[in-house]
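Grab a viewer and work through these exercises with the model open. Each one sets a task, then walks through a solution.

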Amino acid sequence: MLTIFGAQNQDIAWSNAVVCIGTFDGVHLGHQALIRRAVQRAAELEFPAVVVTFDHHPARVLAPDRCPPALGSLAQNLAHIAELGVAATVVLHFDAALATTRASTFLDEILVQTLHARELVIGHDFAFGKDREGTGEWVAERISAETFPPFSVDGHRVSSSEIRGAVQSGDVEHAARLLGRRFSLTGVVGHGEKLGRTLGYPTANLELPATLAIPGDGVYSSMARTRFGVFPAAVSIGSRPTVGDRPRVVEAYLLEYPGDSLYGTALSLEFLARVRGQERFNDLEQLKSQMASDIQQVALDARR
């Protein structure tokens with residue numbers, strides 16, 4: 001997939017395109033169905049399918065105090081979009097200037113004149129332009145367009161907000177059903193307080209962007225992807241109340257790990273299930289006993 005950052009002064013190679021536009025936070029099953037429809041329509045017309053998205057959630061500019069945590073980084077979203085067969089994705093920088101651009105200007109100058117859109121495919125709840133003027137009905141009056149209907153799984157309408165709620169409540173299995181894959185976090189391994197090492201369970205502390213959605217406090221079964229391979233991992237998220245309520249952390253104990261240093265490397269955690277909530281134990285021995293039990297459960301979950 002060709003990835004283009006920005007639409008200004010770009011030498012676009014194609015002369016016609018089916019364009020699919022949206023925020024695509026998390027690229028969940030609904031987004032996937034929408035993008036696949038654009039790919040299908042593009043194949044029928046023998047045009048490239050082009051996705052247009054943004055470098056961050058528009059709410060970061062429009063309502064920063066209400067901006068939701070992201071279900072994935074831009075890099076993760078682009079990787080998931082690339083799997084769907086699109087020819088190119090254009091990433092627009094969402095700033096105050098773009099936020100105040102009229103829908104007619106955005107359609108004419110960016111989508112049609114610059115990206116050569118001949119047809120649009122958009123979600124039922126998406127609108128672009130100042131004051132969200134560019135609704136599906138508005139667009140259909142000006143260009144050939146298809147508004148994709150709501151998408152449901154097991155009676156649940158799939159939406160980024162529903163998945164976000166599931167993640168933050170710790171229901172990573174429900175989030176996975178709506179995403180179509182395991183919820184994951186990718187960060188860099190940093191130096192923590194090394195408390196796990198003193199208990200016999202050395203952990204990798206994951207340093208993450210503050211903008212990401214984090215599962216609720218507790219212990220989780222996961223698969224950890226490292227540069228050395230993939231390993232089952234017991235992931236603890238929370239403030240570690242037994243050792244004095246430290247700042248909230250995401251730390252992973254990797255089962256069967258050979259021991260090479262992970263400091264400064266990228267680490268991805270794919271969440272399988274929640275083992276238990278965060279607890280305060282009477283002493284470190286009780287904590288160690290529970291950790292041993294947690295790890296047994298993680299090993300079982302990894303073999304499912």
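**Exercise 1. Work out how β1 pairs with β4, and which residues stand opposite each other.**

Step 1. Count the bridges: β1 and β4 run parallel and are joined by 4 of them. Helices (H or I, at least four residues) and strands (E, at least two) are DSSP runs here, numbered from the N terminus. Two strands pair if DSSP finds at least two bridges between them.

Step 2. Find the partners: Leu2 has Ala88 of β4 as its bridge partner. Val50 also stands opposite Ala88 in β4.

Step 3. Look at β3: this strand (residues 49-54) pairs with β4 (residues 88-92) in the parallel sense, over 5 bridges. Phe54 stands opposite Leu92 in β4.

A note on ground rules: this is a predicted model, so local features need pLDDT of at least 70 and side-chain atom pairs count only at pLDDT 80 or more, while totals for chains, interfaces and linings use all residues. Residues are numbered from 1 along each chain as its sequence is written, and side-chain values use heavy atoms, with hydrogens and water left out.

**Exercise 2. Place β4 in its sheet, and decide whether its faces are covered or bare.**

Step 1. Write down the strand order: β1-β4-β3-β2-β5-β6, an open sheet of 6 strands with parallel pairing. The edge strands are β1 (2-5) and β6 (144-148), each pairing on one side only. On average, neighbouring strands in this sheet are turned by 20° against each other, direction ignored.

Step 2. Check burial: 5 of the 5 residues of β4 are buried (under 20% relative accessible area, with a 1.4 Å probe and protein chains only). Ala88, Val90 and Leu92 sit on one side, Thr89 and Val91 on the other, and both faces are covered.

Step 3. See which helices lie across the strand. Helix α3 (residues 74-82) lies across β1, β3 and β4, running at about 155° to β4. Helix α5 (residues 103-114) lies across β2 (17-21), β3, β4 and β5 (117-123), at about 120° to β5. For these angles, axes are lines fitted to C-alpha atoms, for helices over the stretch in contact, and the values run from 0 to 180 degrees between N-to-C directions.

**Exercise 3. Trace the barrel and say which strands β9 pairs with.**

Step 1. Go round the barrel: β9-β10-β13-β12-β11-β14, a closed one of 6 strands with antiparallel pairing. From one strand to the next, the twist averages 45°.

Step 2. Follow β9 (residues 184-190). Its antiparallel pairing with β14 (residues 266-277) covers 5 bridges, and Gly187 stands opposite Leu267 in β14. Toward β10 (residues 204-207), the antiparallel pairing has 3 bridges, with Gly190 opposite Asn205.

Step 3. Check burial: 5 of the 7 residues of β9 are buried, so the strand is largely enclosed by the rest of the structure.

Step 4. Move on to β11 (residues 218-226): 8 bridges join this strand to β14, again antiparallel. Val219 has Arg276 of β14 as its bridge partner. Helix α8 packs on the sheet here, touching β11 and β14, and its direction makes about 125° with that of β14.

**Exercise 4. Describe how α7 packs on α8.**

Step 1. Pick your descriptors: two packed helices are described by the angle between their axes and the distance between the axes.

Step 2. Fill them in: α7 (residues 160-169) and α8 (residues 172-179) pack at about 155°, with axes 7 Å apart. The pair is therefore roughly antiparallel (over 145 degrees).

Step 3. Add the handedness: α7 passes α8 in a left-handed crossing (the near helix is turned anticlockwise from the far one by less than a right angle).

Step 4. List who touches whom, with contact meaning heavy atoms within 4.5 Å. From α7 come Glu162, Ile163, Ala166 and Val167, and from α8 come Val172, His174, Ala175, Leu178 and Leu179.

**Exercise 5. Sum up the chain: how many helices and strands does it have, and how much of it is buried?**

Step 1. The chain has 10 helices and 14 strands.

Step 2. Of its 304 residues, 50% are buried.

Step 3. The C-alpha trace spans about 70 × 40 × 35 Å along its principal axes.

Technical notes:
Parallel < 35°, antiparallel > 145°, perpendicular 65-115°, else oblique.
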